[in-house]
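Open the model in your viewer and keep the selection tool at hand. Where should you click first?

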Amino acid sequence: MREVTEDVLDKGSLRTIIPTYIERCKHITEEQRQREIKNNELVADAYGVRNEVPCDVPIERVSLKRNPAFAYPKNTPAERDELMTRDIVKEIVSYAVGCMFGRYSLDKPGLILASQGETLADYHAQIPNPSFEPDSDNVIPVTEDEWFEDDIVARFRQFLSVALGEQHLEENIAYIEQVLGKSLRKYFVNDFYDDHVKMYKNRPIYWMYSSRTDKKGAFKALVYLHRYTPATTNNVLSYLRDFTAKLHAQSERLAQSDKASEVRQGEKLQTVIKECADYERDILYPLATRNLPIDLDDGVLVNYLRMGKALRIIPAIEKKRTTVQSWTWPIHMLGE
């Protein structure tokens with residue numbers, strides 16, 4: 001993922017850059033196919049069976065990750081281009097989130113912050129004057145509306161401005177939304193985390209705090225596992241309280257409206273406010289008071305389960321809860 005995005009991201013329009021990149025991948029694939037055919041011919045000639053065994057290599061069997069025919073063998077050439085474009089866009093989004101947390105940087109290839117205990121000071125030791133600054137408190141809110149100036153959509157727009165040029169920002173946002181088939185905010189709210197969990201094979205490195213254990217939580221926030229500290233949940237709690245206060249203010253304003261539709265909107269906000277209040281009282285505040293440490297050596301599975309119901313459920317991990325509890329940690333240590 002990181003390699004392709006570092007290769008693709010250059011000043012300009014993604015509408016031009018991505019198709020050019022895909023064509024280059026196809027060219028490299030064909031070069032590799034010709035090498036494999038040549039090898040087959042050499043072996044067949046050596047054994048005198050050139051006319052008895054096939055030497056051709058179908059393009060679908062050239063096992064390069066960036067070969068569209070290998071990645072999507074059952075699709076037509078046009079469908080392969082479309083699917084590869086979609087996957088590249090999702091990888092760009094994922095890479096951007098990595099830059100937001102300091103895992104990657106536009107200014108230096110490879111991993112930057114990827115070990116437990118590393119901080120922004122370690123990041124700045126490697127990159128003193130970054131073109132795109134990582135998030136300071138390791139908490140990025142993800143909400144259906146623009147409640148925070150530093151939410152994930154705002155940060156992504158900043159990233160694109162730096163990576164591809166501010167003059168191309170709106171064009172690139174429009175292209176990304178066209179490829180994804182939805183607005184950027186809807187993608188982050190509804191789909192990004194599912195794609196991240198899938199990309200990391202049910203062992204996510206970004207965790208999603210959520211006021212509901214399913215994807216419909218009104219309040220959600222991402223944190224980076226490798227920058228987690230015992231104070232991280234307290235940082236999330238501050239965002240939750242800020243969010244709830246803004247909802248209260250909005251609800252009260254709508255209640256004073258002369259428009260029935262706005263009054264109904266204000267009433268609906270009361271349901272969201274209750275959801276957030278319950279989440280704070282029953283789950284997030286008790287967890288925050290524990291200042292829970294984690295150890296990366298225990299792995300994502302064990303550490304994720306320690307957080308109890310503070311995080312959005314990952315079904316593949318949840319299925320292992322009973323097994324992990326039985327041989328790893330007492331129930332009270334798992335946040336139950």
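The stops below go from a surface patch to a buried serine and then to an exposed lysine.

This is a predicted model: local features need pLDDT of at least 70, side-chain atom pairs count only at pLDDT 80 or more, and totals for chains, interfaces and linings use all residues. Residues are numbered from 1 along each chain as its sequence is written, and side-chain values use heavy atoms, with hydrogens and water left out.

**Stop 1: the patch.** Select E144, D145, E146 and E149. Together they form a negative surface patch. Patch residues have over 30% relative accessible area and no salt bridge, with like charges joined within 9 Å. A salt bridge is a side-chain nitrogen of Lys or Arg within 4 Å of a carboxyl oxygen of Asp or Glu. Now take E149 alone. E149 sits in the loop between β1 (140-141) and α6 (152-164). Helices (H or I, at least four residues) and strands (E, at least two) are DSSP runs, numbered from the N terminus. E149 is exposed, at 75% relative accessible area. Exposed means over 50%, buried under 20%, partly exposed in between (1.4 Å probe, protein chains only).

**Stop 2: the serine.** Select S105, in the loop between α4 (77-101) and α5 (120-126). S105 is buried because its relative accessible area is 2%. What does the side chain of S105 make a polar contact with? Its partner is the side chain of Y123, at 3.2 Å. A polar contact pairs N or O atoms within 3.5 Å; within protein, one must be able to donate a hydrogen and the other to accept it, and residues adjacent in sequence count only if both atoms are side-chain atoms. Show D107 too: its backbone nitrogen lies 3.0 Å from a polar atom of the S105 side chain.

**Stop 3: the lysine.** Select K216, in the loop between β2 (206-210) and β3 (220-224). K216 is exposed, at 60%.

Definitions and conventions:
Patches are made of residues with over 30% relative accessible area and no salt bridge: like charges are joined within 9 Å, nonpolar side chains (Val, Leu, Ile, Met, Phe, Trp, Tyr) within 5 Å. Accessible areas come from the Shrake-Rupley method with a 1.4 Å probe; for residues, only the protein chains shown count as cover. Lys and Arg count as positive and Asp and Glu as negative; His and the chain ends are not counted. The place of a charge is taken as NZ of Lys, CZ of Arg, CG of Asp or CD of Glu.
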